Amino acid sequence: MQPETIQQQRGTQYENLLRLLGEPGSATENVSALKATRMRSILNCYRLAEAYKKGTKVAYVSEQFPTEIVFAMGAIPWNIESMAIMLAQSVDVNRIFQMTQEHELSRDICSFLRGPFGMMLAECYPSPDIVLTNDQPCEGLSKMMFMSGKRYTAPVLGLHSPNSVDDDSLNYLVKQLEQMLLRIAHEFGVELNGDSLRAAVDYSNQARAYYCKTLSLLETHRLPGVSRELQEIFGMNYFGTKENVQVCKVLYEEAVELVQGEQNSGKRVLWIGQVPEESHELLRHMREAVDIIFWAPLWEANSVMLDEAQPLRSIAERAILYHWSAGRMEKDILRICDAYGIEGFLIANVWGCRNMVGISPMLRDVATSRKLKYLTVNLDLVDRNNYAFNHVKNRVDAFLELMQ
Amino acid sequence: MITAGIDVGSLSTKSALINDANEVIAFDVVLTGGVNRAAAETTYDNVLAKAGLTRSDISYVVTTGYGRENVSFADKHVSEITCHGIGMHIMNPEIRTIIEIGGQDSKAIRIDEAGRVEHFAMNDKCAAGCGRFLEVTAKAMGIDLKELGPVSAQSQNILRISSTCTVFAETEIVSLVAEGTPIPDIVKAVHKSIATRAMSLLRQVGMTGPLGMSGGVALNSGVVRSLEESLNTKIFIADNPQVRGAIGAAYIGQRAA
């Protein structure tokens, strides 16, 4: 796609987005009072507006894509899934899903995939200059990334991540990353700059250090809102920027303050699976009885510090660790149970997510082996047409009674 | 001390009174209708009248069921999973697994030796296989709900209802009736489909001991027979199975008061 065309489109797309945001819809209150949350919101708004500007390089990325590479190339990563979920809090999401059905996308497909698809159909996302994807952990998302490349006639570069962490796998992935960098440089018409990658890696590590220190505090303390903010930082995935260092630092400092006034917030339940927006009624309801912490920000892969001497190799290792390998994930969940004092699992099987369905038996086995109470709920956390709170609440109440 | 349990379900609202010897003094069942709060008031008044008591004689009221939180005079709300668990336990302490089929949901519940719920599973994507499903299919065949059990006993042929959705199943049944398929065979197939769904839930929680059944559908001998055949085991049916949740709620009231 020609740059002029992209810029014209982005103007319209930004107007479309603002129009959608202004319509009566499902706007929700922000219930978190953390400074880090407010900072991240402003950072998101800034990045979001920047992405629609003339001359900005936008790279569509999938979940857990190594964004250090994107920042090193001077582009803004546009995580199509996270952005859809974030925007779902502010726009009339029903209209978005209706649009996907009008285009024959089945309601059985995970709403975390239908959301971005709908946002693209609504012509609200900025046209990408490039599409970067990894095939793990969600292959469905990867396929959607390829479709988005076709829609916007943007080049699509995909990483294929093997399952095992060994020299062969790492070398294979490093080679892909090297080729990807060269190709991005070519597409952007820029020279590959080692300094910018080093800077991105340095920022990533600085942020990661604060992130890990916050995780350590969360292991032994009840810190309201902190797990949620870690989830947001994980989902936003701005590792590689100076601003993200600041967000992670502020969150850590707030976590230290929260330790001082710590209060018992009930038994600790690990929320496994996709997460609804912060003010979702189900979360609010559960929080009255238990302390919920979210699993994804606790994964071992999030704690990997990048090797500044061999950044691509450590990025490759992290990418493999993000792979939902059942054996590794089982060990990781057991570690999380022990470290964070988990007393129950809420397994959120989002409709149509075959990844969650695939690992659910392992999760149930882990719960049984640790004598933990667990509840599996099949639900849709975004599309209200697929979800009735009263039905879900009924079984959640029974689970909470079990927990007591 | 007398306590009351009120189970506000999707189809019917049930109430029960028990004394401190855990004896059921009276119980009552009314249709829920459109306003579940009103149904709770009605059945509460009915059960008190049956026992010759007034509201001031009741020490504690526990509500359960979907409409439990809409009852203003309740002292406590408890989920029906917990209530059915304890309600079955006080009937037969040997029971460790319960299948409860109500108006809009089916539940398999595993309980421990004290009647505490250890694990449970419920239908979640649709209500096919529940009381409402039977109601709709009975109507489609033009027979009374109470007749389903005896009618299915006359079945001579094995038939399969393939639909998993109540509305689609109704269409399928109407077609079978129009084709002249014997009604007992259709009814038996409907019961079999309910039993199959119930078995999936039971396997999810794991059957660890004697199996009991509660909920209104336990009154249907055809469903019970299909389940027993499928599981190759005897099922203990609660006295007044549709009121077990309310009895469990009243029992929880005894402990809470």
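In which order do the four strands of the open sheet in chain A lie, and with what pairing? The order is 6-5-7-8, and the pairing is parallel. Strand 6 (290-294) and strand 8 (373-379) of chain A form the edges, each pairing on one side only. From one strand to the next the twist averages 25 degrees. The model described here is a predicted one.

## Chain A

Within this sheet, strand 5 (residues 267-273) and strand 7 (residues 344-350) of chain A run parallel and are joined by five bridges. Leu270(A) stands opposite Phe345(A), a residue of strand 7 of chain A. In total, chain A holds 16 helices and eight strands.

The overall dimensions of chain A can be set against a simple rule. A compact globule of 404 residues would have a radius of gyration near 22 Å, and the 20 Å of chain A agrees with this. Along the principal axes, the C-alpha atoms of chain A fill a box of roughly 60 × 50 × 40 Å. Of the 404 residues, 47% count as buried. Among contacts in chain A with a separation of 6 or more, 76% are between residues 24 or more positions apart.

## The contact between chains A and B

How many residues does each chain bring to the contact? Chain B contributes 10 residues and chain A contributes 10 residues. On the side of chain B that touches chain A, helix 2 and strand 8 (117-122) of chain B each supply at least two residues. Strand 8 of chain B gives the most to that side, with three residues. By character, the residues of the side of chain B that touches chain A comprise six nonpolar, two polar and two charged.

## Helix 2 of chain B

Helix 2 of chain B covers residues 80-91. At 1.5 Å a residue, its 12 residues should span 16 Å, and the end C-alpha atoms are 16 Å apart, which agrees. Is this helix mostly covered or mostly uncovered? Helix 2 of chain B is mostly covered, with 11 of its 12 residues buried. The buried residues include Glu80(B), Cys83(B), His84(B), His89(B) and Met91(B).

## Two strand residues of chain B

Ala108(B) lies in strand 7 (residues 106-111) of chain B, and Leu211(B) has its place in strand 9 (residues 211-214) of chain B. Why does Ala108(B) count as buried? Ala108(B) counts as buried because it has 26 C-beta neighbours inside 10 Å, where the threshold is 20 or more. Leu211(B) is also buried, because 20 other C-beta atoms lie within 10 Å.

Leaving aside neighbours within four places in sequence, Ala108(B) is in contact with Thr97(B), Ile99(B), Phe120(B), Ala121(B), Leu201(B), Leu202(B), Gln204(B) and Val205(B). With residues up to four places away in sequence not counted, Leu211(B) touches Thr97(B), Ile99(B), Thr233(B), Ile235(B) and Phe236(B). Thr97(B) and Ile99(B) thus appear in both sets of contacts.

The table gives a C-alpha separation for each of these two residues.

| Residue pair | Separation in sequence | C-alpha to C-alpha distance |
|---|---|---|
| Ala108(B) and Cys83(B) | 25 residues | 13 Å |
| Leu211(B) and Glu172(B) | 39 residues | 32 Å |

Cys83(B), the partner of Ala108(B) in the table, is one of the buried residues of helix 2 of chain B.

Note on methods
Residues numbered from 1 in each chain as written. Chains lettered and ligands numbered in written order. Predicted model: local features only at pLDDT ≥ 70, side-chain atom pairs only at ≥ 80, totals over all residues. Contact = placed C-beta atoms within 7 Å. Expected span 1.5 Å × (residues − 1). Pairing = 2+ DSSP bridges. Axes fitted to C-alpha atoms, helices over the stretch in contact; angles between N-to-C directions. Rg over C-alpha atoms; globule rule 2.2 N^0.38 Å. Nonpolar A, V, L, I, M, F, W, Y, C, P; charged D, E, K, R; others polar.
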